[in-house]
Amino acid sequence: MNEPADLPSCTLSELVDVDVSTISHERLKDLTSEVLNTVLDKDSVLGDLPNDVTLGEVDLQIAIEHGRAITVYLERFDGIVIPIVVQKNGAKVIDLKKSIERKMTLHLKRAGERSAISWRRIWKTYWLSCNGKKIKNNNDSISKYMENNSKLVFVKQFREKNIHDQ
């Protein structure tokens, strides 16, 4: 049997001979990650996912391939465009917002940034807008505003004056 030190990098077939009881938890995680990355790199559908992929990202990529999800592109204020994947059937604006939160948090983590985002403040200060339509109601269906490959932007919320305030 192979000793843990003999496994700088291995393939799936080589893992069969490994006695997992002699390997530390961290080393087993590393080996699993290496094998998973190798499998994902060779897959035509999942090959463009990052090496530190999450289960949610894999699920959403498969949903896109099966036509159960759409990709919309969020343009940030700094010009960076980030793809956001959302389930198609019955998805509401609140689901889109949660997807944006997950994607942005993951994006910042992968970029090595430590800053935390106050999403509550973001959603109180900005609306999402698609094709010039402000998305105001969290319970609306996303299909009312967008389709696959739509572009989203943040729009500053301004207080709407009441007619009786004049």
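These legends walk through close-ups of one sheet and a helix packed on it, all taken from a predicted model.

**View 1. The whole sheet, strand by strand.** Here we have five strands making an open sheet with mixed pairing, and reading across gives E2-E1-E5-E3-E4. At the edges sit E2 (81-87) and E4 (133-135), each with a partner on one side only. Neighbouring strands don't line up perfectly: on average they are turned by 40 degrees against each other, ignoring direction.

**View 2. E1 alongside E5.** Strand E1 covers residues 69-75, and strand E5 covers residues 151-156. The two run parallel, with three bridges joining them. To find one of the contact points, look for Glu-75: its bridge partner in E5 is Val-153.

**View 3. E5 from its other partner, E3.** Strand E3 (residues 126-130) goes antiparallel to E5, and five bridges hold this pairing. A handy landmark is Leu-128, which stands opposite Phe-154 of E5. As a reminder, strands in a sheet pair through backbone hydrogen bonds, whether parallel or antiparallel.

**View 4. Out to the edge with E3 and E4.** This pair is antiparallel too, with three bridges between E3 and E4. Zoom in on Ser-129 and you'll find Lys-134 of E4 opposite.

**View 5. The helix on the sheet.** Helix H4, spanning residues 93-111, packs on the sheet and touches E1, E2, E3, E4 and E5. Its direction makes about 135 degrees with that of E2.

How values were computed
Residues are numbered from 1 along each chain as its sequence is written. This is a predicted model: local features need pLDDT of at least 70, side-chain atom pairs count only at pLDDT 80 or more; totals for chains, interfaces and linings use all residues. Side-chain values use heavy atoms; hydrogens and water are left out. Two strands pair if DSSP finds at least two bridges between them. Helices (H or I, at least four residues) and strands (E, at least two) are DSSP runs, numbered from the N terminus. Axes are lines fitted to C-alpha atoms, for helices over the stretch in contact, and angles run from 0 to 180 degrees between N-to-C directions. Contact means heavy atoms within 4.5 Å.
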